[in-house]
Amino acid sequence: MHERLSFHMKRNSVIHRLNPLTKLVLILALILISFTSPWYWTPHFVLLLAIIPLSALGGVFPEFFKTATRLILPAASFLFLMQAFFQPIGEDVIFKFYFLDITQESLMFAFRNAMRVFVMVSAFTLFLLTTHPSELMSDLTRRGLPPQFAYVIISTLQILPQMQAKAQTIIAAQRSRGLDTESTFFKRAGSVVPLVGPLVFGSLVEVEERAIAIEARGFTSKHSKTSLHEIPDPSFDKVIRWVLLALVILSIAANLWLA
Amino acid sequence: MAFVELQNVTYKYPLTKTPALQNINLQINEGEFVAVIGPNGAGKSTLCYALAGFVPHFFKGEISGTIEVAGKESGKSTLDEWVLNVGLAFQNPFNQISGAKYTVFEEIAFGLENIGVPREEMKSRVEDAMALTGIRDLADRSPYSLSGGQQQRVALTSILVMQPKLLVLDEPTSQMDPIGTREVFGTIRKMAEDGMTVVLVEHKMEWIAQFADRVVALKDGSVLLEGKPSEVLTSDLLAENGFGISRYTSTAREAKKRGLWKKENLPVTLDEAVAGFKL
Ligand SMILES: Nc1ncnc2c1ncn2[C@@H]1O[C@H](COP(=O)(O)OP(=O)(O)OP(=O)(O)O)[C@@H](O)[C@H]1O
Ligand SMILES: [Mg+2]
């Protein structure tokens, strides 16, 4: 069935070997800098000079490119158009479309905002492609994140495809008994109702059994936990994190100072 | 005092009127392999939950009587302490997958991480447990990609790796083929000979006859019969009370009525039946 349940691509790259927290700090820093730096071209440079090279360094450029062009680019373009048309700033009208005006200012404004969003989503994509979720959670748990919280995140990531598959099974079963799932929107919306019962109540029983199963394996044990995988955190990583933090502070300070 | 001791245990689930367990008295020695049989709703799973501490600690409800394992009383312990001594695996393997792990190896290590076993020891224990149940070749697969029978093996291994003193299994081979079932029962038998105490709920009488030391027959929450497999499994009482019965037993019982089965005892397995009819 679902052999691959995460975005993670197995590679042996410098980026993959970075501590998961370092990577998290890295992408958060890139995003924060893109949003706070007072210099207009910052997000563009972050994308071109940091995120794209990092994805190549991580050996995931093809996957990154695919996601960026098929998923992020359309969304960012849509945002760009919306803001370019509906942002009532500037007088210098360069394009007219019925009652909608596009000015030089609104164009610049929209371009930067779309770029910021592009940076944000593509940074997260890069993170997901190069970080194994269970490594991230083990590392964060070791640093004090409650294991229950980590468990909820990981199991949700894993359970979504399961739920989807189950909904498909229930739909097939009910369609074979005459349920209409293919005609008009309203009829179909109505026919979702009978799916809810089996899906939710089925899940409740499952949740109970799963709670028993993980409890039987010492999940609530008061022992301090250990981790199967060793997740290295060399001093190099710590230095990177501090440097990134300093850059973010600089960017925010510059923003406030110029405002 | 026996290793496992239940005294006058009566238990009602919350919001129910009739008790799921009624006045159960049971003694099990260390290293004994006890099979539990009974029709649907007899209370087999509830008994497993009671032994494993989930009744009453997880399900709540009303309980009276005492449950002791390895000299400790369930009512006076907490669940997280109790599960260190008593391991539980149940029927539906899908719901026993933790959902927190991406490979079978990690899945089996999950319990050991939780109780703080050091990394090197953890790895060797996981390896050993996987070798024992014959799933070494699944180590790098996603637990969700396995067949039902394979998932049941993973669920069993995930409990065995914790090295419980009492192993409680509720229909652990329901999705396995006969060859798989035989292998797993052989493994469990070996663990019992090495000193692990085993309580197993099972419907397949022929397997019980071959592997268990003792059988407990439950009906409506009470113990109806208890004793050696050869005696309990061939008792007339079972047929009268709606228990599943080995086809060799029922065939020989009919044959006996017609004077075709000459032996005193009825058979449970094919071999016993063949030996008896040859007479
Ligand atoms: N969570 C629960 N809440 C309330 N009643 C329950 C619960 N689980 C089981 N029961 C009831 O307790 C009784 C014993 O159920 P139990 O599951 O122990 O039977 P069983 O012998 O395991 O049956 P099966 O062969 O179907 O697995 C049944 O009457 C059942 O309806
Ligand atoms: Mg049951």
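## Exercises on chain B

In chain B, 6 strands make an open sheet with mixed pairing, in the order 6-7-8-3-9-10. Strands are DSSP runs (E, at least two residues), helices are DSSP runs (H or I, at least four), and both are numbered from the N terminus. Two strands pair if DSSP finds at least two bridges between them.

This is a predicted model: local features need pLDDT of at least 70, side-chain atom pairs count only at pLDDT 80 or more, and totals for chains, interfaces and linings use all residues. Residues are numbered from 1 along each chain as its sequence is written, while chains are lettered from A and ligands numbered from 1 in the order in which they are written.

**Exercise 1. Find the strands at the edges of the sheet and say why one side of each has no neighbour.**

Step 1. Strand 6 and strand 10 (222-227) of chain B stand at the edges.
Step 2. Each has a single partner strand, so one side of each is left without a neighbour in the sheet.
Step 3. From one strand to the next, the twist averages 20°. Angles run from 0 to 180 degrees between N-to-C directions, and axes are lines fitted to C-alpha atoms, for helices over the stretch in contact.

**Exercise 2. Describe how strand 9 and strand 10 of chain B pair.**

Step 1. Recall the general rule: strands of a sheet pair through backbone hydrogen bonds, either parallel or antiparallel.
Step 2. Strand 9 (residues 214-219) and strand 10 of chain B are antiparallel, over 5 bridges.
Step 3. Pick out two residues: B:Ala217 stands opposite B:Leu225 in strand 10 of chain B.

**Exercise 3. Which strands does helix 6 of chain B touch, and which does helix 7 of chain B touch?**

Step 1. Contact between two residues means that their C-beta atoms, placed from the backbone, lie within 7 Å.
Step 2. Helix 6 of chain B packs on the sheet against strand 6 and strand 7 (166-170). Its direction makes about 175° with that of strand 6 of chain B.
Step 3. Helix 7 (residues 178-193) of chain B touches strand 3 (33-37), strand 7 and strand 8 (197-201). Its direction makes about 150° with that of strand 8 of chain B.

**Exercise 4. How many residues does each chain give to the contact between chain A and chain B?**

Step 1. Chain B gives 35 residues and chain A gives 31 residues.
Step 2. Helix 4 of chain B gives the most to the side of chain B that touches chain A, with 6 residues.
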